[in-house]
Amino acid sequence: MNVLGIETSCDETSAAVVAGAAGSDAARVASCVILSQDVHQVYKGVVPELASRAHLTALGPVVDRALGDARLDLEDLDLIAVTEGPGLIGALLVGVSFAKGLALATGKPLIGVHHLEAHLFGTALEDPAAVPPFVGLIVSGGHSLLLDVPAWGTYRLLGETRDDAVGEAFDKVGSLLGLGYPGGPAVEKAAREGDPARFTLPRPMLNARQRPGDADYFDLSMSGLKTAVIHALRTSRDPAADTVHLARGFQDAVIEVLVTKTLRAVEACGRARVVLGGGVACNRALREAMAAALQRRGATLHAPSPRLSTDNAAMIARAGIFHAGEAGTSPLDAAARLPFPGLVRA
Ligand code: KG4
Ligand code: ZN
């Protein structure tokens, strides 16, 4: 089947066509158009109203382009899949309303997709081995989730952030250090020049006394680490020179926490694969540290390319293929929140 995916949950307007078959892991990305809204850079954060308006003007041409790149017409589609949540409500409404209109006009089935479930599917579009059973780590600007995925459609939530998402922490630290927005790529770049021994920052929610079954064994927290960066900056004698060292200290702390919690999940669930997703998966230092730590345990890391790590409609279309049989039954609840279908707390 040819599935058109539409993604407008935050600040990327994206449409993609993915060809695949329900029940099969083989899927081909026929096209994927991603328009990143740069208007938000001025405000150092996503302004919801501006995001909605930008989606409104961009979505029609972006969908046309995705169909054109795939050399398909609307009649060739078998399904339309759209992100129904979570995300910015106005932004979601643009995508959902557009998709509903398209489905009504063409008579094609429509399905609503949960954005976070879709992130789990994204990696498999490039890496055929990134399929269940695996431990999934989704780290984006809005969410941080550690999951056990025994099969597609069955998700055991092991841990999540108690406060800031990992990407959000990168963005806030980037802004504190005057590195611009979004903070993730800028902090990573600065950290490469930084001395790892200059600042040793706290590893939140991580200590050797934690045991499986403890509430904080898998959970994450970023806000104390952010505060530690603020204090270090305030007491620094040369904040300009310390910027790169603080970026390094912050990133090293985040990576150690993420790697340790993921290894705990691999051990507890007996999995041999870890699938990474979300914008923070672009971070090379994280990928390298994670891959090396997993290799020592005989496990493998499966991380998407930067293009499919950040928000994109190809992963939405791929999740749509999995849920294809359910088309028409989705309430298309644009305010969808966790837990998503199939997700239970472990
Ligand atoms: O998945 P995504 O595109 O959007 C959300 O669903 O939130 O993730 C965006 C987040 C931002 O917080 C951004 O700073 C972060 O991913 N990010 C990174 C890197 N590239 C993007 N964080 C750390 N290192 C990076 N290289
Ligand atoms: Zn996302």
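A surface charge patch is made of residues with over 30% relative accessible area and no salt bridge, with like charges joined within 9 Å. With that in mind, here is a short walk through this predicted model.

**The negative patch**

D73, E75, D76 and D78 come together on the surface as a patch of negative charge. One of these residues, D73, sits in the loop that links helix 1 (48-69) to strand 4 (79-85). Is D73 buried, partly exposed or exposed? D73 has a relative accessibility of 46%, so it counts as partly exposed, since that class lies between the buried limit of under 20% and the exposed limit of over 50%.

**Strand 1 and its neighbours**

Strand 1 spans residues 2-7, and six of its six residues are buried. The cover reaches both faces of the strand: N2, L4 and I6 are buried on one side, and V3, G5 and E7 are buried on the other.

Which strands pair with strand 1? Strand 2 (residues 12-20) does so in the antiparallel sense, and strand 4 in the parallel sense. The table sets out the two pairings.

| Pair | Sense | Bridges | Partner of V3 |
|---|---|---|---|
| Strand 1 and strand 2 | antiparallel | six bridges | V18 |
| Strand 1 and strand 4 | parallel | four bridges | L79 |

Strand 1 and strand 2 also form a hairpin, with four residues between them. V3 is a handy residue to follow in the viewer: its bridge partner in strand 2 is V18, while its bridge partner in strand 4 is L79.

Key
Residues numbered from 1 in each chain as written. Chains lettered and ligands numbered in written order. Predicted model: local features only at pLDDT ≥ 70, side-chain atom pairs only at ≥ 80, totals over all residues. Heavy atoms only, no water. Patch = residues over 30% accessible without salt bridge, like charges linked within 9 Å, V, L, I, M, F, W, Y side chains within 5 Å. Areas by Shrake-Rupley, 256 points an atom, 1.4 Å probe, with all protein chains shown as cover. Salt bridge = Lys/Arg side-chain N within 4 Å of Asp/Glu carboxyl O. Lys, Arg positive; Asp, Glu negative; His and termini not counted. Charge placed at Lys NZ, Arg CZ, Asp CG, Glu CD. Helix = DSSP H or I, 4+ residues; strand = E, 2+ residues; numbered from the N terminus. Buried < 20%, exposed > 50% of the residue type's maximum accessible area, 1.4 Å probe, protein only. Pairing = 2+ DSSP bridges.
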